[in-house]
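Me: Could you take a close look at the nonpolar core of this model for me? I would like to know which residues make it up, and what lies around it.

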Amino acid sequence: MEKTQYQRLVGKLIYLSHTRPDIAYAVSVVSQFMHDPRERHLQTVNRIIQYLKASPGKGLLLKKGENLFMKIYIDADYAGSIVDRRSTTI
């Protein structure tokens, strides 16, 4: 396997993960093997790329010159469990 090819791909994925937080964890895991990648690491990178191809349009759109703010919606019930008073998500 070509080490420089792996490093190039992972570097591009790191750059892309700034606007695609859904891949951030997977990219951080594969970036740990930049100096000694194996075939299974390249297969994982290819699976991340397949996921990106299958889900276009997802991610954050950052426009130049606009104020940056985020709206986040979550469906959570804080301390909603009567038994153990833990939070539950739906």
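Reply: Happily; here is a walk through the core, then its surroundings, and finally the outer surface.

A word on the setting comes before the details. This is a predicted model, and its protein chain holds 3 helices and 2 strands. Along the sequence they follow the pattern α-α-α-β-β. Of the 90 residues in the protein chain, 19% are buried. Among contacts with a separation of 6 or more, 57% join residues 24 or more positions apart.

Now to the core itself. The largest nonpolar core has 11 residues: Tyr6, Val10, Leu13, Ile23, Val27, Val30, Met34, Leu42, Val45, Ile48 and Leu52. Three elements give two or more residues to this core, namely helix H1 (3–16), helix H2 (24–30) and helix H3 (39–54). Of these, H3 gives the most, with 4 residues.

Met34 is a good member of the core to follow through its contacts. Setting aside residues up to four places away in sequence, Met34 touches Lys3, Tyr6, Gln7 and Val10. Two of those partners, Tyr6 and Val10, are themselves listed in the core.

For the spacing around H1 and H2, two C-alpha pairs are handy. Gly11 lies in helix H1, and the C-alpha atoms of Gly11 and Ser31 are separated by 8.1 Å, although the two residues are 20 residues apart along the chain. Gly11 counts as partly exposed because its relative accessible area is 32%, which falls between the 20% and 50% limits. The other pair is Ala24 and Leu13, which are 11 residues apart along the chain and have their C-alpha atoms separated by 8.6 Å. Leu13 belongs to the core, while Ala24 is found in helix H2 and is partly exposed, at 33% relative accessibility.

Ala24 also leads us to the loop between H1 and H2, where Ser17 is placed. Leaving aside neighbours within four places in sequence, Ser17 is in contact with Ile23 and Ala24. Ile23 is one of the core residues, so this contact links a loop serine to the core. Ser17 has a relative accessible area of 15% and is therefore buried, the limit for that class being under 20%.

A second serine deserves a look on the far side of H3. Ser55 has its place in the loop between H3 and E1. With a relative accessible area of 5%, Ser55 is buried. Its side chain reaches the backbone oxygen of Tyr51 at 2.8 Å.

Next come the charged pairs, of which the count is 2 salt bridges. In one, the side chains of Arg20 and Asp22 meet at 3.0 Å, N to O. The two partners fall into separate accessibility classes: Arg20 is buried because its relative accessibility is 6%, whereas Asp22, with a relative accessible area of 40%, is partly exposed. In the other salt bridge, Asp36 pairs with Arg38, and the closest N and O atoms are 3.2 Å apart. Here Asp36 counts as partly exposed at 44% relative accessibility, and Arg38 is partly exposed too, with a relative accessible area of 42%.

Finally, nonpolar side chains also appear at the surface. Leu60, Leu62, Leu68, Met70 and Ile72 make a nonpolar surface patch of about 570 Å². Leu60 lies in the loop between H3 and strand E1 (76–77). At 34% relative accessibility, Leu60 counts as partly exposed, and that value clears the threshold of over 30% that a patch residue needs. For the protein chain as a whole, the accessible surface comes to about 7,700 Å², and 55% of that belongs to carbon and sulfur atoms.

To pull the picture together: the core draws two or more residues from each of H1, H2 and H3, and Ser17, from the loop between H1 and H2, is in contact with the core residue Ile23. The nonpolar patch, by contrast, is made by Leu60, Leu62, Leu68, Met70 and Ile72, none of which appears in the list of core residues. If you are viewing the model now, Met34 with its contacts to Lys3, Tyr6, Gln7 and Val10 is a friendly place to begin.

Definitions and conventions: Residues are numbered from 1 along each chain as its sequence is written. This is a predicted model: local features need pLDDT of at least 70, side-chain atom pairs count only at pLDDT 80 or more; totals for chains, interfaces and linings use all residues. Side-chain values use heavy atoms; hydrogens and water are left out. A nonpolar core is a set of buried Ala, Val, Leu, Ile, Met, Phe, Trp, Tyr and Cys residues joined through side-chain atoms within 4.5 Å. Buried means under 20% relative accessible area, exposed over 50%, partly exposed in between (1.4 Å probe, protein chains only). Contact means heavy atoms within 4.5 Å. Patches are made of residues with over 30% relative accessible area and no salt bridge: like charges are joined within 9 Å, nonpolar side chains (Val, Leu, Ile, Met, Phe, Trp, Tyr) within 5 Å. Accessible areas come from the Shrake-Rupley method with a 1.4 Å probe; for residues, only the protein chains shown count as cover. A salt bridge is a side-chain nitrogen of Lys or Arg within 4 Å of a carboxyl oxygen of Asp or Glu. A polar contact is a pair of N or O atoms within 3.5 Å; within protein, one must be able to donate a hydrogen and the other to accept it, and residues adjacent in sequence count only if both atoms are side-chain atoms.
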